[in-house]
There are 4 protein chains.
Amino acid sequence: MIKTDKRADIMDVALNLIAERGFHDSPMSLIAREAGVAAGTIYRYFESKDALILALTRNLEDRINETVQDEYPAGESIREKFLYMNRAILKYFMSYPRHFLYMEQFSISPYGISNRKEKLLGKSDRNKIMIDIFERGVEQGILKALPISAIFALAFGPLQTLMRDHILGFLRLDEATIEQVTQACWDAIKK
Amino acid sequence: MIKTDKRADIMDVALNLIAERGFHDSPMSLIAREAGVAAGTIYRYFESKDALILALTRNLEDRINETVQDEYPAGESIREKFLYMNRAILKYFMSYPRHFLYMEQFSISPYGISNRKEKLLGKSDRNKIMIDIFERGVEQGILKALPISAIFALAFGPLQTLMRDHILGFLRLDEATIEQVTQACWDAIKK
Amino acid sequence: MIKTDKRADIMDVALNLIAERGFHDSPMSLIAREAGVAAGTIYRYFESKDALILALTRNLEDRINETVQDEYPAGESIREKFLYMNRAILKYFMSYPRHFLYMEQFSISPYGISNRKEKLLGKSDRNKIMIDIFERGVEQGILKALPISAIFALAFGPLQTLMRDHILGFLRLDEATIEQVTQACWDAIKK
Amino acid sequence: MIKTDKRADIMDVALNLIAERGFHDSPMSLIAREAGVAAGTIYRYFESKDALILALTRNLEDRINETVQDEYPAGESIREKFLYMNRAILKYFMSYPRHFLYMEQFSISPYGISNRKEKLLGKSDRNKIMIDIFERGVEQGILKALPISAIFALAFGPLQTLMRDHILGFLRLDEATIEQVTQACWDAIKK
DNA sequence: CATGAATGAGCGTTCATTCAT
DNA sequence: TATGAATGAACGCTCATTCAT
């Protein structure tokens, strides 16, 4: 695989454009112009627009996973682990709102669907951790006796709505609110 | 006189196509073909693609509102009202999964953003009810002391993830699970 | 040929629309709507849009010819005849500016070209008179020894520019100015 | 780098097509085909059809102005200046009959109207010269005491009719006729 | 005779992708 | 490697015309 600065530039520009304008209003020619390369150059690094999007998404997922895994309180209680993760995700997206907007665009696209399929079949690292927490929590009777994907929905579903409102300016997510909301998510899943 | 069933056919086809492929991968020519009419015919019923989408969305929102308002337990406690509404939304979308997928496409589109703004400013009927429940609940100390939009996120955010998983076949939403999940959402918002 | 009020209504509406918006911005559907008939109805009276335009033009030419022939000073000098005709044309178009605008649209269209060809081959009444005046004038040595079509251009060419400026509001054509301009046209062609 | 000759090819083809068929019967696809390029290629050189038309018109006006200004007899009498200009315009269009037909199409289009407004407000170079001759002529009592736009109509109105007849083959504009006609235009405006 | 819903070719324009340089 | 001019299929939309009622 080719690796240069240009590749990173292209991905960065594409991420920002897609986050703000969506996939279909982010033509390759615009991505190229903003990245300071010729249109044809993108095709040296990515086979197609689809391939660029896929690479972008994988990249983003990796970054988010890294953030979450960093300082992960391995030795703490399930509750602590959950609160940490929930907070970490929220704060990550507050730091990188474009990443959130991008992932939202992605999640409902055809790519997003098949991506999600893979996820729930339990391949990626992030999911390993989550399933681990949630499965363990259910087993130990700490969490409600629900399918993992339902627990997942209760735990992280609200974050998506919250982030959207925050980014659109409908809601101010300060430290206190984050704490309350995170705790509320815990209330939803704990037995 | 305009025959309403051709108009309905077009809307129905458009809804299904957009739900499955998104706005940009549902060209007017395809909608026309699937609806069994010529491309130009759509424009007798809808001024533009935007107008079609708007009509479609309004229509769907009305149907969902009707469903929710139907048998609404006006005299019951806030908890009962909430559980009823949560269940009603879930069941509606389980009956009409395409409507869910459509609304998801819509929610992140530019139309969806401004629509959401209106919602939070409290114009539509459905929202009046919701804000009414939530505001009252917070005032009475039954719900957590959080901004309405945060309560909203905790209450309905999980449904979106749940529905997606259900539709994709990752999760079977039977009566018992619905009940548990709905209760869990209540746990998230109740004081 | 079918003859009713509707036919006249359609022609009237078409004339006004075309004068103001041009041929291509005057769709049959609009003509129909403004004339208070259904789109298909126009085709009872005119085989096609082209046929409508042709009929409209012939009709207009007839009206102009009638106006000019009316009160034509048959017994007067060539100069008087010419001044009369020049004034009559100018005044007709000042009364019916839409007719002028229509004819201008028409004159440069493909229809207009072939129409003009017929004209100069000397079939229509108006032309008979004009050619008569001009040919006689040249023969008698009253007018310059130029080809008839050149005399024609000198005599009536200015009127077109004048009318355009008048209608667009660039020039006020009052009685005195009309008199001066008409006289100037005579200066151009007289020996 | 943009190759100027493709741009020139497109303009040339567009000019010829529009001159012969009018704006609305000269689709971009046809212009492209005749210019030997793909439809999309035109849009590398012109932002839109309107932009192409604008460029074409400006280009033509510049060429005509250059022709007229070239060898302009600055030191001569008003009469000489006028005769020179009149002849120059006539000869230019005889050399480039398509340019005449194009300008005629243009003059009655919406673009043409606003263009004419600008002209009469005296912005363009050509008009500066003309207004200069005509205003000076009227002031000095050499020309008839008429509004400038009326003088303009008398001076150049005949040329339009003349050119049309010449191009359509109804009139042979040889040197002698040009001289006579030009002199006749002077007779129309001189006191 | 009149209607107006329906047609579908054609319009101006966009954009992912290719390829000669 | 990098370029960017060129491509052409596809898009949203218009409108002259037809035809079942």
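In chain A, helix 4 (residues 49–69) packs against helix 6 (residues 97–107) at an angle of about 130 degrees, and the two axes are 11 Å apart. The helices here are DSSP runs of H or I with at least four residues, numbered from the N terminus, while strands are E runs of at least two. Axes are lines fitted to C-alpha atoms, for helices over the stretch in contact, and the angles run from 0 to 180 degrees between N-to-C directions. This is a predicted model, in which local features need pLDDT of at least 70 and side-chain atom pairs count only at pLDDT 80 or more, whereas totals for chains, interfaces and linings use all residues. Residues are numbered from 1 along each chain as its sequence is written, chains are lettered from A and ligands numbered from 1 in the order in which they are written, and side-chain values use heavy atoms, with hydrogens and water left out.

Helix 4 of chain A and helix 6 of chain A are therefore oblique to each other, given that angles under 35 degrees count as roughly parallel, over 145 as roughly antiparallel, 65 to 115 as roughly perpendicular and the rest as oblique. Their crossing is left-handed; that term applies if the near helix is turned anticlockwise from the far one by less than a right angle, and right-handed applies if clockwise. In this contact (heavy atoms within 4.5 Å), A:Ile53, A:Leu56, A:Thr57, A:Leu60, A:Glu61 and A:Arg63 of helix 4 meet A:His99, A:Tyr102, A:Met103 and A:Phe106 of helix 6. These residues comprise 6 nonpolar, 2 polar and 2 charged, where Ala, Val, Leu, Ile, Met, Phe, Trp, Tyr, Cys and Pro count as nonpolar, Asp, Glu, Lys and Arg as charged, and the others, Gly among them, as polar.

A second helix pair in chain A is formed by helix 5 (residues 78–95) and helix 10 (residues 175–189), which pack at about 135 degrees with axes 10 Å apart. Helix 5 and helix 10 of chain A are therefore oblique to each other, and their crossing is right-handed. Among the contributors are A:Phe82, A:Leu83 and A:Leu90 from helix 5 and A:Ile178, A:Trp186 and A:Ile189 from helix 10. By class, this contact has 9 nonpolar, 3 polar and 5 charged residues.

The DNA strands come next. DNA strand E is surrounded by 30 residues, of which A:Met28, B:Arg44, B:Tyr45, C:Thr41 and D:Lys49 are the closest; a residue is near a strand if one of its heavy atoms lies within 4 Å of it. Sugar or phosphate supplies 72% of the strand E atoms within 4 Å of the protein, and bases the rest. Polar contacts are pairs of N or O atoms within 3.5 Å; within protein, one must be able to donate a hydrogen and the other to accept it, and residues adjacent in sequence count only if both atoms are side-chain atoms. Phosphate oxygens of strand E lie 2.7 Å from a side-chain N or O atom of B:Lys6 and 2.8 Å from one of C:Tyr45. Helix 3 of chain C gives the most to the surface near strand E, with 5 residues.

For DNA strand F, the nearest of 29 surrounding residues are A:Thr41, B:Lys49, C:Met28, D:Arg44 and D:Tyr45. A side-chain N or O atom of A:Tyr45 is 2.8 Å from a phosphate oxygen of strand F. Helix 3 of chain A provides the largest share of the surface near strand F, 5 residues.
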